[in-house]
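Notebook open, structure loaded. I'm jotting down what I look up as I go.

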Amino acid sequence: MSLIDLLTGNTGNQVADQAESKFGISRNQIIALLAVAAPLIISYLRKKSQDTKEAEALNNALDKDHDGSILDDVSQADARQDEGNSILSHVFGNDKQNVENQLSQNTGISIDKIGPILAMLAPVIMGYIGKEKQQNNVGAGGLGDLLGGILGNASNQAQEPQSSPLNDILGSVLGGGNSQSSGNPLNDILGNVLGGHNAGNGNSKQQSGGLGDLLGGIFGK
């Protein structure tokens, strides 16, 4: 299953419905957030996996806790929110608050809800990675290539001619991820898709262009 299939198929829609019921946020906003958060988390993990110890730790975590079963029972996402928060803290590290601020500003989801929603999404994204790892029989040494392949395939798929606004968002996100890298996934993806150059410095000013314009088209902002 490709990343886009995950986001636009039953799993993405079920997660969006569940989050909408729990947090009172429009399901379109949830899906748009998932479309940015999934590649962002994967990019951070890809960068971490360049370190042998991090790759081993990720490999062990995927084997132990993320076998992909959550994709067949998305109701687990709500129950695993505390685990999701731990995942986000490990993945984003010192960037976590900045990531949440940027996503909050550009999706219109309030800052007090963005963290809990991301924590609900994180185990689903990890479950997807774990399932891909199993299906491709990849160990710690191959995680970087696996994660890069997920992003590359999704980028190619997003560029195919389609009228979906979600594809426009994914195309922007993944285009940012595949352009010349600054070495910081936050800058590479958020900086590009959010249409500004302030993604890495905590600037809270509303960005124009990028995701903001795409979301405006969807939500009629």
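Before counting anything, I fix the cut-off: a residue is buried when its relative accessible area is under 20%. By that rule, buried residues make up 52% of the 221 residues in the protein. Note to self: this is a predicted model.

**Overall fold**

I checked the secondary structure next and got twelve helices and zero strands. Reading from the N terminus, the element string is just α-α-α-α-α-α-α-α-α-α-α-α. Then I looked at sequence separation in the contacts. Of those between residues at least 6 apart in sequence, 70% join residues at least 24 apart.

**H3 and its partner H6**

I pulled up H3, residues 27–48. Its 22 residues reach 31 Å from the first C-alpha to the last, close to the 32 Å expected at 1.5 Å a residue. The helix is mostly covered, with 17 of the 22 residues buried.

Which way does H3 sit against H6? I keep in mind that two packed helices are described by the angle between their axes and the distance between the axes. For H3 and H6 (residues 81–92), I read an angle of about 55° and axes 9 Å apart. The pair is therefore oblique. The crossing of H3 past H6 is left-handed. On the H3 side the contact uses Leu40, Ile41, Tyr44, Leu45 and Lys48, and on the H6 side Leu88, His90, Val91 and Phe92. Sorted by class, that contact has seven nonpolar residues, one polar and one charged.

**H4 against H8**

Then I went to H4 (residues 52–65) and H8 (residues 111–135). Their axes come within 9 Å and cross at roughly 95°. Angles from 65 to 115 degrees count as roughly perpendicular, so H4 is roughly perpendicular to H8. From H4, I listed Leu58, Asn59, Leu62 and Asp63; they meet Met126, Ile129, Gly130 and Lys133 of H8. The class split here is four nonpolar, two polar and two charged.

I stayed on Asp63 for a moment, since it belongs to H4. Is Asp63 buried, exposed or partly exposed? I get 48% relative accessibility for Asp63, so it counts as partly exposed. Asp63 and Lys133 are 70 residues apart in sequence, and their C-alpha atoms are 8.9 Å apart in space.

**H9, and the loop before it**

For H9 (residues 143–158) I compared length with expectation. Its 16 residues should span 22 Å at 1.5 Å a residue, and the end C-alpha atoms are 22 Å apart, so the two agree. The buried residues in H9 include Leu143, Leu146, Leu147, Ile150, Leu151 and Ala154. Gly148, Ser155 and Gln157 are also among them.

I also looked at Asn137, in the loop between H8 and H9. What is its phi? The phi of Asn137 is near 50°, a positive value in a residue other than glycine. For context, most residues other than glycine have a negative phi. Asn137 is exposed, at a relative accessible area of 70%.

**One last stop: Leu170**

Leu170 is in H10, residues 165–178. Its relative accessible area is 0%, so Leu170 is buried. I then checked its distance to Leu3: the two are 167 residues apart in sequence, yet 9.9 Å apart in space, C-alpha to C-alpha.

Notes
Residues are numbered from 1 along each chain as its sequence is written. This is a predicted model: local features need pLDDT of at least 70, side-chain atom pairs count only at pLDDT 80 or more; totals for chains, interfaces and linings use all residues. Side-chain values use heavy atoms; hydrogens and water are left out. Helices (H or I, at least four residues) and strands (E, at least two) are DSSP runs, numbered from the N terminus. The expected span of a helix is 1.5 Å times one less than its number of residues. Buried means under 20% relative accessible area, exposed over 50%, partly exposed in between (1.4 Å probe, protein chains only). Axes are lines fitted to C-alpha atoms, for helices over the stretch in contact, and angles run from 0 to 180 degrees between N-to-C directions. Angles under 35 degrees count as roughly parallel, over 145 as roughly antiparallel, 65 to 115 as roughly perpendicular and the rest as oblique. A crossing is left-handed if the near helix is turned anticlockwise from the far one by less than a right angle, and right-handed if clockwise. Contact means heavy atoms within 4.5 Å. Ala, Val, Leu, Ile, Met, Phe, Trp, Tyr, Cys and Pro count as nonpolar, Asp, Glu, Lys and Arg as charged, and the others, Gly among them, as polar.
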